[in-house]
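Please open the structure in your viewer and keep the sequence panel visible beside it. The tour below proceeds by selections, each followed by a short account of what is to be found there.

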Amino acid sequence: MKSNLLPNPDDRIEFSSWDFAGQDVYYSTHHLFLSTRAIYMVVFNIVDFKSSKVDYWVRSVLLRAPQAPIIFVGTHVDEKGCTVSVLLHPTLVSLPASNL
């Protein structure tokens, strides 16, 4: 992508997106793609947080790229099961703050 915001307009920013989707069979390869030169987005079902493996993903990123920012995106907020108590669950509230 070409940007007019960079000091030299001919400089380019490369953007790649990887969706790990969480299939267990691929877990052994995930570490090959984790880099300190990345911004991570952990997307999870906020209503079914326990089965979302957010802890696994956070630990994986922090192990390979401890200074990389992590953006957390909770989905399914519009579902009936998403209550204030779910949103204020201690596990969600204690997710690490991003350093963006």
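In which loop does Leu32 lie? Select Leu32, and the loop between helix H1 (27-30) and S1 comes into view. Please bear in mind throughout that this is a predicted model.

**The surface patch**

Leu32 counts as exposed because its relative accessible area is 62%, and the cut-off for that class is over 50%. Now add Trp18 and Phe33 to the selection. Together with Leu32, these residues make a nonpolar surface patch of about 380 Å².

**The whole chain**

Next, select the protein chain and colour it by secondary structure. Four helices and two strands should appear. Followed from the N terminus, the elements run in the order α-β-α-β-α-α. Switch to a surface display: the protein chain exposes about 7700 Å², of which carbon and sulfur atoms supply 58%. Of the 100 residues in the chain, 24% are buried. Consider also the contacts between residues with a separation of 6 or more: 69% of these join residues 24 or more positions apart.

**The nonpolar core**

In soluble globular proteins, nonpolar side chains tend to be buried together. To examine such a group here, select Tyr40, Val42, Phe44 and Val54. They belong to the largest nonpolar core, which has 16 residues, and they touch the most other members. Then display strand S1 (40-45) and helix H2 (54-64), each of which supplies at least two residues of this core. Helix H2 gives the most, with four residues.

**An aromatic pair**

How are the rings of Tyr56 and Trp57 arranged? Select both residues and show their side chains. The count of aromatic pairs in this model comes to one. In the pair formed by Tyr56 and Trp57, the ring centres are 5.0 Å apart and the planes stand at 80°, so the arrangement is edge-to-face. The two residues fall into separate classes of accessibility, for which the cut-off for buried is under 20%. Tyr56 is partly exposed because its relative accessibility is 21%, whereas Trp57, at 15%, counts as buried.

**The loop between S2 and H3**

Move now to the loop between strand S2 (70-75) and helix H3 (84-87), where Asp78 is located. His76 and Cys82 lie in this loop as well. Select each residue in turn.

- His76 is partly exposed, with a relative accessible area of 33%. Most residues other than glycine have a negative phi. The phi of His76, however, is positive, near 70°.
- Asp78 is exposed, since its relative accessibility is 74%. Add Val47 to the selection: Asp78 and Val47 are 31 residues apart along the chain, and their C-alpha atoms are separated by 9.7 Å.
- Is Cys82 buried or exposed? With a relative accessible area of 13%, Cys82 is buried. Add Asn45 as well: Cys82 and Asn45 are 37 residues apart in sequence, with a C-alpha to C-alpha distance of 9.9 Å.

**A last view**

To close the tour, display Leu32 and Cys82 together. Leu32 is exposed at 62% relative accessible area, while Cys82 is buried at 13%. Their loops may also be traced once more: that of Leu32 runs between H1 and S1, and that of Cys82 between S2 and H3.

Technical notes. Residues are numbered from 1 along each chain as its sequence is written. Side-chain values use heavy atoms; hydrogens and water are left out. A nonpolar core is a set of buried Ala, Val, Leu, Ile, Met, Phe, Trp, Tyr and Cys residues joined through side-chain atoms within 4.5 Å. Buried means under 20% relative accessible area, exposed over 50%, partly exposed in between (1.4 Å probe, protein chains only). Patches are made of residues with over 30% relative accessible area and no salt bridge: like charges are joined within 9 Å, nonpolar side chains (Val, Leu, Ile, Met, Phe, Trp, Tyr) within 5 Å. Accessible areas come from the Shrake-Rupley method with a 1.4 Å probe; for residues, only the protein chains shown count as cover. A salt bridge is a side-chain nitrogen of Lys or Arg within 4 Å of a carboxyl oxygen of Asp or Glu. Contact means heavy atoms within 4.5 Å. Rings of Phe, Tyr and Trp (its six-membered ring) pair if their centres lie within 6.5 Å; planes under 30 degrees apart count as stacked, over 60 as edge-to-face and the rest as tilted.
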